[in-house]
Amino acid sequence: MPISSRREFLRTAALSSAAAPFIPSLFETATAAPKPAPLSQVRLAYIGVGARGRSHVRQGLLRDDVVITAICDPDPEAISRTSAMIEKAGKKAPATYTKGGEDFLNMLKRDDIDGVVIATPWEWHVPMAVATMKAGKYAGVEVSATVTLKESWDLVNTFEKTGSHCMILENVCYRRDVLAVLNMIRQGMFGEMLYAHCGYQHDLRNIKFNDGKSLSGVGAEFGEKAYSEARWRTQHSVDRNGDLYPTHGLGPVAHWLNINRGNRFTHLTSTATKARGLHKYVVDKGGKDHPNAKVNFKLGDIVTTVVECANGENIVIMHDTNSPRPYSLGFRAQGTQGIWMDDGKTIYLEGVSPKPHEWESFDSYQEKYDHPLWKQHGKTAQSGGHGGIDFFVMRAFIESIKAQTAPPIDVYDAAVWSAISPLSEQSIAQGSKPIEIPDFTRGKWKTNRPIFGLNEVY
Ligand SMILES: NC(=O)c1ccc[n+]([C@@H]2O[C@H](COP(=O)([O-])OP(=O)(O)OC[C@H]3O[C@@H](n4cnc5c(N)ncnc54)[C@H](O)[C@@H]3O)[C@@H](O)[C@H]2O)c1
């Protein structure tokens, strides 16, 4: 970001003291330890080069400041497809680690790796991130970072013991509209924040089942006989009833509400509908005699979680992946002065919107309040996946390593955002009972100040 626009951004943020009680200085980091010298190049390794891992490799290949030293995956097809991408880009062939589920431990012994991108099935994230941090390397872990509460604590405890950073690679935090809304919240345009709505509302039925060959939209297989995420993800819908994927919605909302940095989640309640969609899909695709038609899917089709925050805001998180529906993360930001809605892309700000009680389009606000990151890198970002957000999240990880600083989305964010899954399972299992959300910062949320989107590194 040019210095002039950075100053302007910080000045406007500083003007809104009611909405942003903390004004961070540039280059503020989460830890006080002296920083090693910055790096000009980052040496990355990747554990898990399936669909998502390869999209991260693609981002690495677009950058001159990244060297890919090693890739690890027991699936020969994943390795050969990734190696072909790297060769096509004219880059040096990386070392490959392919000998089973634990070979990543051998890869982590290398001394030519600064950061590791982990894009494996959820149950592998924490063992891999913990081993990466213990090896003194930056861990960049896909979403959700953890499956159990203990795993969330394992991440935090390992960071506190080793000082090695762990970033949850929550790309939605960098969506253009949610960053503009963050910018507006920090400028006090919504008044004092009251409420946020978000969720993962994505018909995943053709991801949870396929024919074992590709993501073709046909077939009713999951597990060993299936391809990509249906090999592992669907089993979570058999075994668990809760919000299995909360961070795409919760990440942006956590920044809007300064979670872990002046505010925190305190309690949640969760409620699940009956489970119908996955069984119906199996019968529709495979017939009523397909073996998977006998499977009892535990995951309710629509799970609604209400989170309470220490500063008095409420958040509703939807998890809706088993029914026919268009994709939407369903964001809504609401404060004492107005409201923004993702569905419909509309806004109403009292005293600003032209007509009382009438929505207006968000389009002109988007341009006017674009976050400095999008203003500066928006064009380049389009080369990345998911409308540019994959560029930004990988950039943040890489720039944090180069600057040898804390990532903008840290281990405490990874721990508490992901913990919504097991806590929502607990609540549902106990008849929607309120469940306390642990303070993974052990009180530091009271003095930590926001850093996300307020630093020229990220
Ligand atoms: N942020 C996003 O937008 C986004 C999008 C898609 C997936 N994801 C996340 O990325 C992760 C991976 O998802 P995916 O779609 O690539 O799944 P995938 O099944 O296509 O790929 C997972 C890869 O991990 C490999 N793997 C499994 N166990 C391993 C081990 N022990 N060591 C090394 N490699 C191992 C598999 O062989 C496979 O190639 C998941 O956590 C998912 O939730 C995030």
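This report describes the domain arrangement, the ligand surroundings and selected local features of one structure. The model is predicted.

**Domains and their interface**

The domain assignment divides the chain into domain 1, covering 3–15 + 36–173, and domain 2, covering 174–371 + 411–446. Each domain is thus assembled from two stretches of sequence. Taken over C-alpha atoms, the centres of the two domains lie 24 Å apart. Contact between them involves 31 residues of domain 1 and 40 residues of domain 2.

The size of an interface is often expressed as the accessible area that is lost when the parts come together. Here, the area buried between domain 1 and domain 2 amounts to about 3000 Å², and carbon and sulfur atoms contribute 64% of it. On the side of domain 1, W122, V172 and C173 lose the most area to domain 2; together they account for 25% of what that side buries.

Polar interactions also cross this boundary. Between domain 1 and domain 2, 13 residue pairs are in polar contact, with both partners at pLDDT 80 or more. The elements of domain 1 that each supply at least two residues to the side touching domain 2 are α1 (3–15), α2 (51–61), α3 (76–88), α5 (122–134), α6 (149–162) and β6 (166–168). Helix α6 provides the largest share of that side, with 8 residues. By residue class, the side of domain 1 that touches domain 2 comprises 18 nonpolar, 7 polar and 6 charged residues.

**Salt bridges**

Side chains of opposite charge can pair when their charged atoms come close. Over the whole structure, 26 salt bridges are found, and the count between domain 1 and domain 2 is 2. One salt bridge in the structure joins E160 to K444, with the closest N and O atoms 3.6 Å apart. Another is formed by K150 and D154, whose closest N and O atoms are separated by 2.9 Å. Because K150 and D154 are 4 residues apart in helix α6, about one helical turn separates them.

**Ligand surroundings**

The ligand is surrounded by 27 residues, of which R52, D73, V143, S228 and E229 are the closest. Three polar approaches to the ligand are listed below.

| Residue | Protein atom | Ligand atom | Distance |
|---|---|---|---|
| A51 | backbone N or O | oxygen | 3.1 Å |
| E142 | polar side-chain atom | nitrogen | 3.1 Å |
| N171 | polar side-chain atom | oxygen | 3.0 Å |

Two of the closest residues, V143 and S228, also take part in notable backbone geometry. The peptide bond from V143 to S144 is cis, and its omega is near -20°. S144 is placed in the loop between β5 (138–141) and α6. For S228, phi is near 55°, a positive value in a residue other than glycine. The loop that holds S228 runs between α8 and α9 (233–239).

**The surroundings of D203**

D203 belongs to the loop between β7 (193–201) and α8 (205–208). The side chain of D203 is in polar contact with the side chain of R205, at a distance of 2.9 Å. When neighbours within four places in sequence are left aside, the contacts of D203 are D320, T321, S323, P324 and R325.

Terms used
Residues numbered from 1 in each chain as written. Predicted model: local features only at pLDDT ≥ 70, side-chain atom pairs only at ≥ 80, totals over all residues. Heavy atoms only, no water. Polar contact = N/O pair within 3.5 Å; in protein donor to acceptor, adjacent residues only side chain to side chain. Contact = heavy atoms within 4.5 Å. Domains from an automatic or database assignment. Buried area = accessible area lost by both parts, 1.4 Å probe. Salt bridge = Lys/Arg side-chain N within 4 Å of Asp/Glu carboxyl O. Nonpolar A, V, L, I, M, F, W, Y, C, P; charged D, E, K, R; others polar. Near = heavy atom within 4 Å.
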